[in-house]
Amino acid sequence: MKKYLLVLAAAALFCTACEDNTSNATLTLALGGGPNPSSVNAVEGETRVGIGDKVNGYYQLYWTPGDKVLCNGEISHDAIISNKRAAVAGFNFANTPSAPYSIIFPAVEGVTSKGANCYPVRFLAEQKYTEGTFDRDAAVMYRYTSKRSSTLKHLTGTIRMPISGEVTISNIVITSPSKPISGIFDLNCETGELTAHEGSVSNQTEIVFENGLQLKADKATPIYFTVPVGVYGKLDVVINTTDNQEMNFFITCDESKPIRAGIVRQLGDIQ
């Protein structure tokens with residue numbers, strides 16, 4: 001039987017009347033050393049951490065093939081999971097990590113660490129539209145722990161926008177007038193503090209659609225995107241269509257309605 005060093009759980013997303021949460025269910029992570037075991041218990045199909053059904057007010061999150069984590073600066077091999085709705089995943093490394101563990105999902109390659117327990121995280125400048133969920137790399141999570149069993153913490157909140165109409169969306173641009181919402185940040189895993197990489201961040205993030213998204217007039221299509229936790233005052237949103245129309249509105253994100261970790265804020269229907 002294969003043994004792992006560490007078991008982690010990633011809190012899912014919760015939902016309330018105006019705000020939803022990314023579930024109370026957990027993503028479990030096991031860390032070990034040894035060769036790449038990606039062929040073991042591999043599951044064909046989805047290739048992203050994704051939102052599942054809502055249970056007791058919480059959206060469930062699941063590991064999927066291809067997911068990797070960063071632990072103490074080392075990137076794991078692909079996740080080992082046993083089914084398509086996997087709350088549990090195993091991760092092996094070329095070298096077995098030692099406690100305490102600074103863990104980040106998703107792993108960021110090619111960026112230098114800024115010191116002990118301080119590692120880079122990336123908030124996406126382009127979030128790919130994925131039906132019923134968010135971009136696989138948009139759910140940024142972390143944990144600093146010495147225990148074998150723990151819970152990953154969210155670094156983002158999620159916005160759910162239901163949109164209806166008789167147009168095709170080409171892209172959606174979200175802008176923060178106050179501070180960066182995408183790019184590379186240094187994360188102190190012990191304190192949870194984020195520090196922007198100068199010259200590597202932006203006040204915008206964009207939802208991109210591979211071939212456009214044809215809306216329906218009689219049924220709203222939910223579109224998800226994530227934003228780093230924090231107070232922004234507001235987020236300006238521009239929805240662009242393939243026939244060069246645009247819709248403009250803003251989302252209040254002041255101290256009374258901040259972007260909260262693990263929370264899915266549900267907007268009213270947009271037409």
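This note goes through the confidence, sheet, hairpin and core of the structure above, which is a predicted model.

1. On confidence, the chain has an average pLDDT of 78, and 73% of the residues score at least 70. Two stretches call for caution: over residues 14–18 the pLDDT is below 50, although this stretch has 19 contacts in the model beyond near neighbours in sequence, and over residues 34–49 the pLDDT likewise stays under 50, with 47 contacts beyond four places in sequence. Where pLDDT is low, the predicted coordinates should not be read in detail.

2. The sheet I looked at is open and is formed by 5 strands in the order E10-E17-E14-E19-E20, with mixed pairing. Its edge strands are E10 (126–128) and E20, each of which pairs on one side only, and neighbouring strands are turned against each other by 20° on average, direction ignored.

3. At the E10 edge, E10 and E17 run parallel and are joined by 3 bridges; within this pairing, glutamate 126 has glutamate 206 of E17 as its bridge partner. At the E20 edge, by contrast, strand E19 (residues 233–241) and strand E20 (residues 246–253) run antiparallel and are joined by 8 bridges.

4. The hairpin of E19 and E20 has 4 residues between the strands, and asparagine 244 in this hairpin takes a positive phi near 65°.

5. Asparagine 240 deserves a separate look, since this residue lies in strand E19 and has glutamate 246 of E20 as its bridge partner. Is asparagine 240 buried or exposed? With a relative accessible area of 18%, asparagine 240 is buried, because the cut-off for that class is under 20%. Leaving aside residues up to four places away in sequence, asparagine 240 touches Thr168, Ile169, Ser170, Asn171, Val173, Gln245 and Glu246.

6. The largest nonpolar core has 23 residues, and those with the most contacts inside it are Met161, Ile163, Ile169, Ile172 and Ile223. At least two residues of this core come from each of strand E13 (156–163), strand E14 (168–175), strand E17 (204–214), strand E18 (221–228), E19 and E20. Apart from this core lies another, of 18 residues, among them Cys71, Phe105, Ala139 and Tyr224.

7. Which residues does methionine 161 touch, not counting residues up to four places away in sequence? The contacts of methionine 161 are Ile172, Ile207, Thr221, Pro222, Ile223, Phe225, Val237, Phe249, Leu267 and Ile270; of these, Ile172 and Ile223 are also listed, together with Met161, among the residues with the most contacts inside the largest nonpolar core.

Conventions
Residues numbered from 1 in each chain as written. Predicted model: local features only at pLDDT ≥ 70, side-chain atom pairs only at ≥ 80, totals over all residues. Heavy atoms only, no water. Pairing = 2+ DSSP bridges. Buried < 20%, exposed > 50% of the residue type's maximum accessible area, 1.4 Å probe, protein only. Contact = heavy atoms within 4.5 Å. Core = buried A, V, L, I, M, F, W, Y, C linked by side-chain atoms within 4.5 Å. pLDDT = per-residue confidence, 0-100. Axes fitted to C-alpha atoms, helices over the stretch in contact; angles between N-to-C directions.
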